[in-house]
Amino acid sequence: MPPPFRSYVLVSLAQIARNYRSVCAAVGPGVQVMAVVKADAYGHGALAVSRALIREGAKWLAVSSVDEGVTLRSAGIPGRILVMAGFLPQEREAVVEYDLTPTAHSLDDIAELDRMAAHAGQPLAFHLKIDSGMGRLGTRAQPAEIVAALRALRHARMEGLMTHFASAADFTSPQTAAQLACFDACLTELREAGIRADCVHTSSTNAIGYARRDAWHNMVRAGHALYGYVSPPRGAGPKQILDVQPALTWKAKILAVKDIPEGTLVGYGGSFRAPAAMRIAILGAGYADGVFHRLSNRGKVIAAGQIAPIVGTISMDLTTIDISHAPELKPGDDVTLLGTEGEARLDAQQIARVAGTISYNILSSISARVRRVYV
């Protein structure tokens, strides 16, 4: 029997495990794979996904915030947890208490981490992020300044050196090559000064998937790939080397079915006018659940194994579809918002193109009130 929820996602932990193994096989035994489970594992459920990845052999997990790391630790998740997007002053004690590995983004962060370790009376390992050209988080200090800051440490230790690429799937741009050159120059200067990092990582899913091997170093960060996606290349990219498949199917139940005559207006603002007599179904999911408002009168779902259009304006809790092709559908039946039914398929990248966004956004926007069911 289908789950009794008005909107739910089915998450295949076995597929996530297969995707993780595919990444490990692609990079080989000399490169460690850090599994990215931030943003509730891209909407798949961070606790269940983390447990599955730890069982699969993952030694490192990556989150965005201290709060995400604390949630995992409080649930008993072992292993190393890297907090990638910095820490606030009020979160310093939690970093130490919950054995999280922070990322430093500035010389001030490096000094603060040393003070935190001294106050805690225990060593503290951290990763240092270099802003190699994305212009977001990370230090833009010169290598000599970084060396001086690291040599001043007495209690904390730089365990990892990292950066993040802005355009790894864009083969019309030289940005990735320029970022890698900047990072490698810094890495070389640090090594020449006698400073070495145990973990060196610059590559996430796209740099893995398109075999940018010179950027793999001895660790990669796999996020989107774990959930079955690699961004499509821009320009003449090389063949994609990862064999991954989506792990999530999203469904919503039909709440009501009605027949409407030609000319009937549907939804807020009367944005759809029935061109002929038709049968419509109202689904128990709307933009508060993660169905993008921009899919109004543009998006599709799968109903009774066939693609069916969304009609009218998507509202907070409801979405209306045309089921004229499937008169047998009734309240309580499931409709697929994302996934596969027979030969019909809607994945996050297809939906993203219609919504004018990216597949990451589609997955991570599925709200907490949509129940997660693990299969």
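This is a short walk through a predicted model, from its nonpolar cores to one helix and on to the largest pocket.

Let's begin with the cores. The largest nonpolar core counts 109 residues, and Leu-53 and Phe-126 have the most contacts inside it. If you centre your view on Phe-126, you will find that this residue touches, among others, Ile-110, Leu-113, Leu-150, Leu-153 and Met-158. Its contacts also include Arg-157 and Glu-159. Apart from the largest core lies another one, of eight residues, including Met-278, Ile-280, Ile-282 and Val-311.

Thr-320 is a handy way into that second region. This residue sits in strand 16, which runs over residues 319-322, and it touches Ile-280, Ile-282 and Val-311, along with Val-266, Ala-281, Pro-309 and Ile-310. Thr-320 counts as buried because its relative accessible area is 14%, under the 20% cut-off. In space, the C-alpha atom of Thr-320 lies 9.6 Å from that of Ala-256, although 64 residues separate the two in sequence.

Now turn to helix 10, residues 348-355. Which of its residues are buried? They are Ala-348, Gln-349, Ile-351, Ala-352 and Ala-355. These five cover an arc of only 160° around the axis, so they lie on the same side of helix 10. The general geometry helps here: an α-helix has 3.6 residues a turn, so residues three or four places apart point the same way. The cover over the buried residues includes strand 17 (334-341), strand 18 (344-346) and helix 11 (359-364).

Both ends of helix 10 deserve a look. At the N-terminal end, Asp-347 acts as a cap, with a side-chain oxygen 3.0 Å from the backbone nitrogen of Gln-349. Just after the helix, Gly-356 takes a positive phi of about 75°.

Helix 10 also leads us to the largest pocket, since helix 2 (38-42), helix 9 (205-209), helix 10 and helix 11 each supply at least two residues of its lining. The volume of this pocket is about 1200 Å³. Of the 39 residues that line it, His-164, Asn-206, Ser-231, Ile-358 and Tyr-360 lie nearest the centre.

Helix 2 has a backbone detail worth pausing on. Most residues other than glycine have a negative phi. Yet Ala-39, in helix 2, has a positive phi near 55°, and Ala-41, also found in helix 2, has a positive phi near 55° too. Are these alanines buried or exposed? Ala-39 counts as partly exposed, at 35% relative accessibility, whereas Ala-41 is buried, with a relative accessible area of 0%.

Key:
Residues numbered from 1 in each chain as written. Predicted model: local features only at pLDDT ≥ 70, side-chain atom pairs only at ≥ 80, totals over all residues. Heavy atoms only, no water. Helix = DSSP H or I, 4+ residues; strand = E, 2+ residues; numbered from the N terminus. Buried < 20%, exposed > 50% of the residue type's maximum accessible area, 1.4 Å probe, protein only. Contact = heavy atoms within 4.5 Å. Core = buried A, V, L, I, M, F, W, Y, C linked by side-chain atoms within 4.5 Å. Arc of directions from axis to C-beta. Polar contact = N/O pair within 3.5 Å; in protein donor to acceptor, adjacent residues only side chain to side chain. 1 Å grid on protein atoms, 1.4 Å probe; cavity = no way out; pocket = protein on both sides within 12 Å on 5 of 7 lines; lining within 4 Å. Points joined across faces, edges and corners; volume = space filled by probe spheres on them.
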